[in-house]
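I opened this entry to keep a record of what I looked up, beginning with open space and going on to confidence and aromatic rings.

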Amino acid sequence: MIGVVFSGPSLPPSKAPVHHGFQWWPPVRQGDVYRAAQSRPALIGIIDGNFETVATVWHKEILWAMAQGIHVYGAASIGALRAAELADFGMKGVGTIFHQFYTGAVADDDEVAIMHGPKELEYIQLTEAMVNVRATIAEALKLGIIARSIATTLLGIAKSLFYKDRTYEAILNAATSQGVSRDALRPFAGWLPNGQIDQKRLDALAMIAVMTEHLAHGISPLKVTYQMAHTFAWEYACRRSEDIVSTPSTASFAAPDEPG
């Protein structure tokens, strides 16, 4: 095994590129990176992760994995969020969403949170990530499909919705209830089915491409500039991680616990 990739709704199994050196794991939860690192892969890639009903991946296990010489990448969902938080320690972020978090253009966890179905249904997405809504509206604005004033209104409505309620249907219905005419929204609504941008999937694929390129050029163990403090809390967390049982969920930050 060369690498481990944690993925779900952002890049479900049928959409994942074939790479015989990678093992594909379900959305990450607390303790999974620590467990994956036990087999000493050269690379770990984090895309989606669980939250809400289980504890989400914690920073120290990522720091620990990197201290073992493992290169850790992040993109698209919880991976992008953790990479932005740990970039100064050596975690490698990839893609537009990572850069948005790293520069502070976006900051809230709900930007990447969605509801989705189980693995057996290919993690089918039931709601839309705010980062995807932003990318889609920006594209529609660039193409002249909607006016800037309407784009601003739609973004405001989308951001105001709870992540479990955020769908394009809900956004458009709210817009009409706020006085935006259906005629003004019709071009956007007609363009959406084939025009919407899945920025999370684009970033996930970009991360896999970067990891594959890294492999092609050979891999030396990562050298970090920090030292891990092996506290009682860390030792307890390590022991506890071996006892954590996966809990199905429908939320993911994908990367919340089957809320991406």
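For the first step I took a pocket to be an open set of grid points with protein on both sides within 12 Å along at least five of seven lines. The model I worked from is a predicted one.

**Pocket.** I looked up the second largest pocket and noted about 180 Å³ of space in it. Its lining includes Gln 125, Leu 126, Thr 127 and Glu 128, along with Tyr 168 and Asp 198. Sorting the lining residues by character, I wrote down three nonpolar, five polar and two charged.

**Confidence.** I then checked pLDDT, which averages 89 for the chain, with 92% of the residues scoring at least 70. Over residues 245-250 the pLDDT is below 50, and I noted that this stretch has 19 contacts in the model beyond near neighbours in sequence. Residues 254-259 also stay under 50, and for them the model has 62 contacts beyond four places in sequence.

**Aromatic pairs.** My count of aromatic pairs came to seven. For Phe 6 and Trp 25 I noted ring centres 5.4 Å apart and planes at 80°, so I entered the pair as edge-to-face. Phe 6 lies in strand S1 and Trp 25 in strand S2, so this pair ties together parts that are 19 residues apart in sequence. Phe 6 is buried at 0% relative accessibility, whereas Trp 25 is partly exposed at 26%.

I entered Phe 98 and Tyr 102 as a stacked pair, 5.5 Å centre to centre with 25° between the planes. Both sit in helix H4, and because they are four residues apart there, about one helical turn separates them. Phe 98 is buried, with a relative accessible area of 6%, and Tyr 102 is partly exposed at 43%.

Terms used: Residues are numbered from 1 along each chain as its sequence is written. This is a predicted model: local features need pLDDT of at least 70, side-chain atom pairs count only at pLDDT 80 or more; totals for chains, interfaces and linings use all residues. Side-chain values use heavy atoms; hydrogens and water are left out. On a 1 Å grid over the protein atoms alone, a cavity is a set of points where a 1.4 Å probe fits but cannot get out, and a pocket is an open set with protein on both sides within 12 Å along at least five of seven lines; lining residues have an atom within 4 Å of a point. Grid points are joined across faces, edges and corners, and a volume is the space filled by probe spheres set on the points. Ala, Val, Leu, Ile, Met, Phe, Trp, Tyr, Cys and Pro count as nonpolar, Asp, Glu, Lys and Arg as charged, and the others, Gly among them, as polar. pLDDT is the predictor's confidence in each residue, from 0 to 100. Contact means heavy atoms within 4.5 Å. Rings of Phe, Tyr and Trp (its six-membered ring) pair if their centres lie within 6.5 Å; planes under 30 degrees apart count as stacked, over 60 as edge-to-face and the rest as tilted. Helices (H or I, at least four residues) and strands (E, at least two) are DSSP runs, numbered from the N terminus. Buried means under 20% relative accessible area, exposed over 50%, partly exposed in between (1.4 Å probe, protein chains only).
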